[in-house]
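Me: I am new to this structure and would be grateful for a guided reading of it. Please begin with any term that I shall need.

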Amino acid sequence: MTTIAELPPGFADKVLSAQSTFRSVMDAMARPGSVQRIVPMAGAPGMMMRGTAAIALTLFDHDTPLWLDARMSESSDVTKWLKFHTGAPVVQDSSIAAFALVSDGGALPPLERFALGSSEYPDRSTTVIIQVDSLTAGRSFELRGPGIDGVATLQASIKPFDLFERLRMNEALFPRGIDVVLVADDAVVAIPRTTRVVSKGS
Amino acid sequence: MKLSIIIDNFGSASFVKDAVDPVTPHNTQQAQRKAAMAVLAHAEAGEIAARLRNLALPAHQDLRTPENGLVMLRGRVGGDGAPFNLGEATVSRAAVRLASGEVGFGYTLGRDSEKARLIALCDALVQSRDFGPAVERDVIAPLREQLTVRQKQAAAETAATKVDFYTMVRGEG
């Protein structure tokens, strides 16, 4: 049992920290594949990474239903911390979630189970935040799409290994689709729904 | 009109204090915190800070930095009738944790974030075995006294303007 007395604290300076984190995530979304750093740090509970915690404090509130993967939702540290600091309701049904937090990418459910938005409101889709091992080393991916001048190269070790194959469903769904944010410690890379992987090295 | 919440009602807050079971330790502490909160919510931030300055405070951190928000105030028609939404009030809140683990919460009407933080700090100190008595003696008791004096004075000033209406009996027969 975690008591409030053991919860890690939130941002020391709420406004400036949230603004700075928002800027990092926005830059990551605007330039898919580029690695952005999250500077302000808050305490992170359990297996949640520092970057994920900062994003949670910045983007989550009582209007954003939240879906947690099995490992996150089993940890009372994580659920209590999220409840205390963000007030976001945790839902079991991933198809109504505004955000999904995934700590174990290997157990990522099929992406069709998340909210895909509607043609009228494509913004009502789930943003999936996946914690990965590294965004500087590992397999290299070549990305193309809006926000990328030519080709962007991303080196990352990501689970699930077939994440980009799964994301190909975005091609058919557009303007609906899933946006993905990859987090490794304090590094963030966004893969919005318009980004395509053109080739993969080993 | 009587409001259904006691957020700004010292009279009913202290009434609740007297009503709880004074035997079990849990309730005593709850009652103590409630009574302290009722006093602190009415004090000025500067007064609380000035009194806390005389104490050697333990290390503490902001678990939740002060933030402002709105709460819906609900009233009841005639005091006990159907509930209705009276309007929204600005409220500041904060949470502070002492190094020894006690967590204090502060809520206060208005936008004074520093006051919310000081109330949270006092609430944490009240729960602490080492600092509880000192805070009660040096911070809360003097503030309570001030508050009582202010309330009595206001009541006396109001009472002086009281008008008794009566009907003169005239026209015998």
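Reply: Two strands are said to pair if DSSP finds at least two bridges between them. Please note that the model is a predicted one.

Me: In what order do the three strands of the open sheet in chain B lie?
Reply: The pairing in this open sheet is antiparallel. Strand 1 (60–76) and strand 3 (103–109) of chain B are its edge strands, each pairing on one side only. The order of the three strands is therefore 1-2-3, given that two strands pair if DSSP finds at least two bridges between them.

Me: How many bridges join strand 1 of chain B to strand 2 of chain B?
Reply: Strand 1 of chain B and strand 2 (residues 83–98) of chain B run antiparallel. Within this pair, Leu70(B) stands opposite Thr90(B). The number of bridges that join the two strands is 14.

Me: Which helix packs on this sheet of chain B?
Reply: The helix in question touches strand 1, strand 2 and strand 3 of chain B. Its direction makes about 140° with that of strand 3 of chain B. It is helix 4 (residues 113–127) of chain B.

Me: Turning to chain A, are the residues of strand 7 buried or exposed?
Reply: In a regular strand the side chains alternate between the two faces of the sheet. On one side of strand 7 of chain A lie Asp179(A), Val181(A) and Val183(A), and on the other Val180(A), Leu182(A) and Ala184(A). Both faces are covered. Of the six residues of strand 7 (residues 179–184), six are buried.

Me: Which strand of chain A runs antiparallel to strand 7 of chain A?
Reply: Strand 4 (residues 127–131) of chain A runs parallel to strand 7, with five bridges between them, and Val128(A) stands opposite Val180(A). Five bridges also join strand 7 to its antiparallel partner, where Val183(A) stands opposite Val188(A). That partner is strand 8 (residues 187–191) of chain A.

Me: What phi does Asp185(A) take?
Reply: Most residues other than glycine have a negative phi. Asp185(A) lies in the loop between strand 7 and strand 8 of chain A, and it is partly exposed because 17 other C-beta atoms lie within 10 Å, whereas a buried residue has 20 or more. Although Asp185(A) is not a glycine, its phi is positive, at about 55°.

Me: Which residue does a cis peptide bond join to Lys159(A)?
Reply: Omega of this bond is about -5°. The partner lies in the loop between strand 6 (152–157) and helix 5 (163–166) of chain A. It is Pro160(A).

Methods: Residues are numbered from 1 along each chain as its sequence is written. Chains are lettered from A and ligands numbered from 1 in the order in which they are written. This is a predicted model: local features need pLDDT of at least 70, side-chain atom pairs count only at pLDDT 80 or more; totals for chains, interfaces and linings use all residues. A residue is buried if 20 or more other C-beta atoms lie within 10 Å of its own, exposed if 12 or fewer, and partly exposed in between; C-beta atoms are placed from the backbone. Helices (H or I, at least four residues) and strands (E, at least two) are DSSP runs, numbered from the N terminus. Two residues are in contact if their C-beta atoms, placed from the backbone, lie within 7 Å. Axes are lines fitted to C-alpha atoms, for helices over the stretch in contact, and angles run from 0 to 180 degrees between N-to-C directions.
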